[in-house]
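Visitor: I should like a close look at a single loop in this structure, and then an account of how the parts around it and elsewhere in the chain are arranged. Please define the terms on which the description of the loop depends.

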Amino acid sequence: MNEPTSDAEREGEERSSALRPGMRDSWADGAEPRATPHPVTGRRLGGSGEEEAPRMARLWHDRRPQRGLVSLTAAAGALLAVLIGAIFTAFIWSGNNVRETGLAERQSHAALSQSRLVDSLVLDIETGQRGFIITRDPHFLEPWKAAQARFPGQAAKLVRLSESPAERNLAVQISRAGRSFIDTYSTPLVDEARHGNPQSSSLTATVMGQKKVDALRHMFDRYTATEQSDVAAREAAADASARRATAVASAGFGASVLLIGTYSAYVIRVIVWPVRTAAAVATQLAVGDLRARMPMTGRREIEQLETAFNTMAESLASSLAQARRAHGRLKLLYDSSVAVGTTLDVTRTARELVDVAIPRFADFATVDLAMSALRGDEPTVTGDTSMQRVAVGGIRHDSPLEPEGTVMACHRPPTEGSPSAPQPLLVRDLSTCSAWRGDSPQQAERLLAYGMTSLITIPLTTQHILLGTVTFWRSRSAPFERQDLIDAEGLAVKAAVAVDNARRYTHERDSALTLQHALLPQRPAEQPAVDVAYRYLPADTRAGVGGDWFDVIPLSGVRVALVVGDIVGHGIHASAAMGRLRTAVRTLADVDLPPDELLTHLDDLVLHLEDAPANGERGATCIYAVYDPVSRHCTLASAGHPLPFVIAPDGTVQEIAGEIGPPVGVGGLPFENIELDLAEGSTLALYSDGLVHSWERDFGEGLAMLRSALASSPGSLEAACSTILDTLLPGPPQDDVVLLLARTCVLTSDRVVTWDIPADPEEVSRARALAVEQLEAWRLDELSFVTELVVSELVTNAIRYGAPPIQLRLIRDTALICEVSDSSNTAPHLRRARTFDEGGRGLLLVAQLTQRWGTRHAKSGKTIWCEQSLAAPDHAPRTSEEPDGGTPSPRA
């Protein structure tokens, strides 16, 4: 309600309050308004208005403005003009003083600047001569000559700029001393140095020059101090003048303000207040503000009209209050439907319910959720269950309510009916409710002592399953009523649906994450080609986890394949599709296909999949890279996937350039290999688009950020992964993120031996001898028999069925690898020879005597390889990270 603005209005409001009971009685039965005695004068109000007319005329005559307002206005205006004139005079006088002081300060600053210029010329002369004497370099004479030529003119200008006699005298001394330094010391000293006189660089000459320079600089210091003291004196005088002008102007301004305020107060009291009161009441009524009341002045207004108006306003205000309370309840329910359940997080949903209810509905609120709901499991239908408090809020922060994280026992409200069906509970007066006290007497006493007076407890249920409870408390507000219980049930229903949705989402997300983690490699396979570190982060959005994956696949010949892929879509369908494609890639990698051919087969596989996701999403991106630590050669191909970065051993970052093929599942388009040689210790950085692209950041910006993060990353691969993710992902990822860092290793030449074998059957014995000799050098004598037999069979087959050139290669690593290459594309096949067959047993023997064997095709020809395990751990190879002569370390 608007506060009365005058004593008359306040008095009228008091009188109106005294009249209202009588007004309600007069209009209660619908009869004509009867006359009501005035509480002060005793006159009857509400009857005929004839006897009030003479009195109102007298009141109006008494309220007329007094004479002399014009003369008072003229006198105030004249006095105000005099004060304003005084203020402007003081300002003009102060401005002139400030202007003169400013001119003098500019002159002083110019003299100081000229002094510093002359000082710098002396410094240039000294520096030039000293540099020439020390180095005999003629280049030092150029600034020396220039400074000598400028010094007389600049010194004379300093004399002209000096105003006071003391400054001018110092300027003249500086000019003379400078010329003396140039003519009697600097110039002769340089001439002697030009003629090679050693006295020019003697200690005596140097000390004498230093004394002259010190004397000059002392003069400059004296001149600067004198000039600065003059500037300070002028500034002090200007400040004093400004203070005097400010004092005069302030006094005039204060007097003007006092005059204006006094005159304005007089006009407001005599004229403005009566007019403003009437206008304000009329305006409030016009805009629908029913709190407005007519002041019961009794002299200037018609009292009967005031009484009738105020009675009508009271009735309308009561109806409006009821409508506003109903609107407030509807608004509370609407706000809860908008604000509760904005995320699919059960804890956040509970927090939102508390924020909506406080302080509009309750003074304090708590939400307890079942443990199964927090985990995303199906809650139990019957029986008590333990709950955890997930949200607490109130108008104060020192309440004795149990804090968040407390495990609470589920106590069903003391209501009639089935014990398995929890019912809402309303307690208007906590101090008289024995059932509530019996649950926890000590906690009840603390709450009562704190001031809690009333509560409502509502179970959060969905499909007759208890998810939790929400409790509303009041301490300062009025106790809860039956209508409040209905509103609380409406809040609880909306919150229960949101909590159940969040619980179901949590359950589905956990299932998809479990499936995806089961399909991803738990630990990269051990291999000697690269050191790897990786990070995988699932998407934190409502769409669910995606289908990103990675893999590190050991290949024949100590090579390794690095794979990163991304399935289109999210959820369990994407996880299942990811598992199929990862299995397909590993299967195709075991065949030793080149990257472009492997992606072509993978593309055909995706095209022939008949169980595509129901939402129509199909396809994937994939990058497949093969690294050979013997040749340091890397071959990769991309199917719609961003190309990796290469970090050189010196820390420079380079983006691999090449063609990116279409995503797998498109079909009909080829894939191209990208060939590159990597230096030892280089790092390949493979990643998915979720690392560099998001709703707030475009792809190009993300690539630039990743490049910068790779350039500044630490040497440790694990630390580099953490640093990159912290830089590019300040918050939860919007899509699955995969980062795979692989640092290349190189097998040294003492672990790889290659021989060219002529296509002559007689060379088989030589090949066996070379292999045995190399095994002896490697101290692998226990493998000589099997290796000699394997070399004999493979070389014989290459000579008999293959085509030259033929090569034999032995690799000593975690296993002994024997490879025989020829230029024929005919692949051998393992078959079982019959009893009387003369051939067909060679590959069978190789397969039985070795741990693994296979065929690897190249652009021209093929390679037959086999592996034998090394018995002793000392035979493990030394990688690029091991120091010379050190022992190998296991790889993660």
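Guide: Helices and strands are here DSSP runs, of at least four residues (H or I) for a helix and at least two (E) for a strand, and they are numbered from the N terminus. With that convention, the loop chosen for a close look is the one between α13 (572–590) and α14, where D592 is located. The model is a predicted one, and every value that follows is computed from it.

D592 has a phi near 60 degrees, a positive value in a residue that is not glycine. Is D592 buried or exposed? Its relative accessible area is 9%, and a residue is called buried when that value is under 20%. D592 is therefore buried.

A second residue with a positive phi offers a useful contrast. R779, also not a glycine, has a phi of about 60 degrees. R779 belongs to the loop between α17 (763–777) and α18. Its relative accessible area is 69%, and the cut-off for exposed is over 50%, so R779 counts as exposed.

The helix α14, which borders the loop of D592, leads on to the largest pocket. Residues 595–607 form α14, and this helix is among the elements that each supply at least two residues of the pocket lining. The others are the strands β12 (620–628), β13 (633–639), β20 (806–812), β21 (815–822) and β22 (852–857). The pocket holds about 890 Å³ of space. Its lining consists of 30 residues, and those nearest the centre are R559, R856, H857, A858 and K859. By class, the lining comprises 10 nonpolar, 10 polar and 10 charged residues.

One of the lining strands, β20, also borders a loop with a cis peptide bond. P805 is situated in the loop between α18 (784–801) and β20, and the bond from P804 to P805 is cis, with omega near 0 degrees. Another cis peptide bond connects I358 to P359, with omega about -5 degrees. P359 is part of the loop between α8 (346–357) and β3 (364–370).

D551 is a residue of strand β10, which spans residues 549–554. With a relative accessibility of 2%, under the 20% limit, D551 is counted as buried. Its side chain makes a polar contact of 2.8 Å with the side chain of R586. A further polar contact, of 3.1 Å, links the side chains of D551 and R582.

S682 is a buried residue of a loop. It is placed between β16 (674–677) and β17 (683–687), and its relative accessibility of 4% is why it counts as buried. The side chain of S682 comes to 2.8 Å from the backbone oxygen of A679. Beyond four places in sequence, S682 touches V646, I647, A648 and P649, together with A742, R743 and T744.

S475 is likewise a loop residue, located between β8 (465–474) and α12 (482–519). A relative accessibility of 18% places S475 in the buried class. S475 and G451 stand 24 residues apart along the chain, yet their C-alpha atoms are separated by 5.4 Å. With neighbours within four places left aside, the contacts of S475 are D363, F364, I395, G451, M452 and T453.

E763 belongs to helix α17, which also borders the loop of R779. E763 is buried, at a relative accessible area of 18%. Once neighbours within four places in sequence are set aside, E763 is in contact with I757 and P758. The C-alpha atoms of E763 and V795 are 8.7 Å apart, across a sequence separation of 32 residues.

These sites can now be set within the chain as a whole. The protein chain contains 19 helices and 23 strands. Of its 892 residues, 43% are buried. Among the contacts with a separation of 6 or more, 67% are between residues 24 or more positions apart. The chain exposes about 45800 Å², of which carbon and sulfur atoms supply 56%.

To return to the loop requested, D592 combines a positive phi near 60 degrees with a buried position, between α13 and α14.

How values were computed:
Residues numbered from 1 in each chain as written. Predicted model: local features only at pLDDT ≥ 70, side-chain atom pairs only at ≥ 80, totals over all residues. Heavy atoms only, no water. Buried < 20%, exposed > 50% of the residue type's maximum accessible area, 1.4 Å probe, protein only. Contact = heavy atoms within 4.5 Å. Areas by Shrake-Rupley, 256 points an atom, 1.4 Å probe, with all protein chains shown as cover. 1 Å grid on protein atoms, 1.4 Å probe; cavity = no way out; pocket = protein on both sides within 12 Å on 5 of 7 lines; lining within 4 Å. Points joined across faces, edges and corners; volume = space filled by probe spheres on them. Nonpolar A, V, L, I, M, F, W, Y, C, P; charged D, E, K, R; others polar. Polar contact = N/O pair within 3.5 Å; in protein donor to acceptor, adjacent residues only side chain to side chain.
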